[in-house]
Amino acid sequence: MEKQQALKILSDLIAIPSINDQEAQVADYIAQLFADYPAQVQRVRYAPGRDNLVVTIGEKGPLLGFSGHEDVVAVDSNKDWDYPPFSATIKDGKLYGRGASDMKSGLAAMIVAMLDLLNNGQPLAGRIRLLASVGEETGEYGAAQLTQAGYASDLQGLVIGEPTDLQVRVTHKGVIDYKLESLGKSVHSSQPDLGKNAILPLIEFVHQAQIVLAADNQVDSTLGKLTHVISQIQGGSQINTVPAHAWLTGNIRTIPAYSNELVMQQLDKIVQQLNASGAQLKITYSYPEPPLPTQAHTRLAQLASHVLQEQFHLSGNLTAGVGATDASEYHQVQNLPIIIVGPADGTTDHQPNEYVTVAKYLRGCQFYQALAQAFWQEF
Ligand SMILES: [Zn+2]
């Protein structure tokens with residue numbers, strides 16, 4: 001494909017402000033790109049205006065998955081941007097726009113690779129299935145839906161196009177976000193015994209949670225230790241009133257050796273014990289995402305590394321990440337090797353003036369194509 005056309009596909013995607021609820025427009029756009037080709041295009045609706053899209057090309061042979069999310073994070077203020085966030089601007093070899101890095105460049109490069117393979121004029125030696133998902137940024141629920149519906153079940157390998165600067169990310173931490181609410185009874189602070197202070201059980205919870213989570217000495221050789229941050233706390237209404245309501249939120253980054261389930265069990269137990277002694281606490285979790293255990297040993301990771309070294313003269317380094325991806329969901333498919341390789345370097349994700357270099361993006365297009373061909377030969 002001509003460079004200009006490959007850049008146009010990325011630019012068109014950036015022009016769709018798919019901030020976590022308008023992914024159907026992205027799905028429409030991708031579907032239309034494949035309309036004139038022998039491709040199986042399936043729309044999987046998550047909610048009105050929110051469609052995942054599954055595009056499968058090839059008739060038979062090894063099936064490689066490509067995964068990219070359609071949503072982007074919001075823009076705080078256009079004023080922070082030197083270029084309009086929802087219109088791609090190329091300047092000094094960089095393409096700017098919301099999603100340029102995370103991860104419309106990865107998604108676009110996968111699409112370009114598939115179209116190039118279809119345009120080669122030769123029958124495909126295998127198959128590719130693109131899984132374009134909704135809601136990655138807020139809980140990976142598009143990937144969860146596609147996993148449950150079986151769209152990843154027959155894949156023999158999966159590449160996620162999140163930004164890695166064309167290195168091979170083989171493992172990442174998981175995440176648990178939780179909110180803890182506490183109810184008390186409000187009275188004048190001159191007679192606290194008549195009321196119930198909603199803040200005190202939160203303090204006790206934090207104290208115990210820090211001890212319990214630190215007591216597990218599991219350390220992952222590449223990801224390090226679990227981390228736990230109390231990120232928000234609020235309660236009370238005025239200085240001379242015993243607070244009737246208080247809450248806090250926490251963010252935990254988990255490692256494979258210390259499962260999300262175990263962490264949540266331990267937090268639940270602290271809550272139960274505090275409630276048994278008079279507190280009124282309720283803990284809720286939003287979209288916990290398991291970590292991705294290392295894929296370094298898989299043939300897919302080795303193959304991607306080899307292709308990057310031999311065909312692109314890049315390092316092919318196997319790396320680790322701290323942020324969760326759609327891999328947290330797809331990893332539920334038994335024995336599915338998953339790697340994360342994307343063209344952007346990720347340094348401007350979720351920031352103003354997000355960009356990908358034009359050269360890296362175009363190289364990403366070529367890499368996905370080369371990887372698919374190598375995969376079809378090797379698997
Ligand atoms: Zn992303």
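User: What makes the crossing of H3 and H9 right-handed or left-handed in this model?

Analyst: Keep in mind that we're looking at a predicted model. The handedness depends on which way the near helix is turned from the far one, and clockwise counts as right-handed. H3 and H9 cross in the right-handed sense.

User: And how do you know whether H3 and H9 are parallel, perpendicular or oblique?

Analyst: Look at the angle. The axes of H3 (residues 104–119) and H9 (residues 358–378) come within 8 Å and cross at roughly 55°. Roughly parallel needs an angle under 35 degrees, and roughly perpendicular needs 65 to 115. The angle of roughly 55° fits neither range, so the pair is oblique.

User: Which residues make that contact, and what kinds are they?

Analyst: From H3 they include Ser 105, Gly 106, Ala 109, Met 110 and Asp 116, and from H9 they include Tyr 361, Gly 364, Tyr 368, Gln 373 and Trp 376. By class, the H3–H9 contact has eleven nonpolar residues, five polar ones and one charged one.

User: What is the orientation of H1 and H2, and how do you know?

Analyst: H1 (residues 3–14) and H2 (residues 23–33) have axes that come within 10 Å and cross at roughly 155°. The cut-off for roughly antiparallel is over 145 degrees, so H1 is roughly antiparallel to H2. Their crossing is right-handed. In the contact, Lys 8, Ile 9, Asp 12 and Leu 13 from H1 meet Val 26, Tyr 29, Ile 30 and Leu 33 from H2. That gives six nonpolar residues, two charged ones and no polar ones.

User: How is the pairing of H5 with H6 described?

Analyst: H5 (residues 199–215) packs on H6 (residues 260–276) at about 145°, and the axes are 10 Å apart. This crossing is right-handed. Among the contact residues are Phe 205, Val 212 and Leu 213 of H5, along with Leu 267, Ile 270 and Leu 274 of H6. The class split is ten nonpolar, three polar and one charged.

User: On to the metal. Why is the zinc site called irregular?

Analyst: The donors are NE2 of His 69, an OD of Asp 102 and two OE atoms of Glu 162, at 1.8 to 2.5 Å. A tetrahedral site would need all angles between 85 and 135 degrees. Here the angles among the four donor atoms run from 55 to 145°. Square planar needs opposite donors over 155 degrees apart, so that label is out too, and the site counts as irregular.

User: What does the zinc tie together through His 69 and Asp 102?

Analyst: The donor spacing reads H-x32-D-x59-E. His 69 belongs to strand E3 (residues 63–69), while Asp 102 sits in the loop between E5 and H3, so the pair links parts that are 33 residues apart in sequence.

User: What makes the bond from Asp 102 to Met 103, and the phi of Asp 92, stand out?

Analyst: Most peptide bonds are trans, and most residues other than glycine have a negative phi. The Asp 102–Met 103 bond is cis, with omega near -15°, and Met 103 lies in the loop between E5 and H3. Asp 92 isn't a glycine, yet its phi is positive at about 50°. You'll find Asp 92 in the loop between E4 and E5.

Note on methods: Residues are numbered from 1 along each chain as its sequence is written. This is a predicted model: local features need pLDDT of at least 70, side-chain atom pairs count only at pLDDT 80 or more; totals for chains, interfaces and linings use all residues. Side-chain values use heavy atoms; hydrogens and water are left out. Axes are lines fitted to C-alpha atoms, for helices over the stretch in contact, and angles run from 0 to 180 degrees between N-to-C directions. Helices (H or I, at least four residues) and strands (E, at least two) are DSSP runs, numbered from the N terminus. Contact means heavy atoms within 4.5 Å. Ala, Val, Leu, Ile, Met, Phe, Trp, Tyr, Cys and Pro count as nonpolar, Asp, Glu, Lys and Arg as charged, and the others, Gly among them, as polar. Donors are N, O and S atoms within 2.8 Å of the metal (3.2 Å for Na, K and Ca); water is not among the atoms, so sites may look incomplete. Four donors count as tetrahedral if all angles lie between 85 and 135 degrees; four count as square planar and six as octahedral if opposite donors are over 155 degrees apart and all others between 65 and 115; anything else is irregular.
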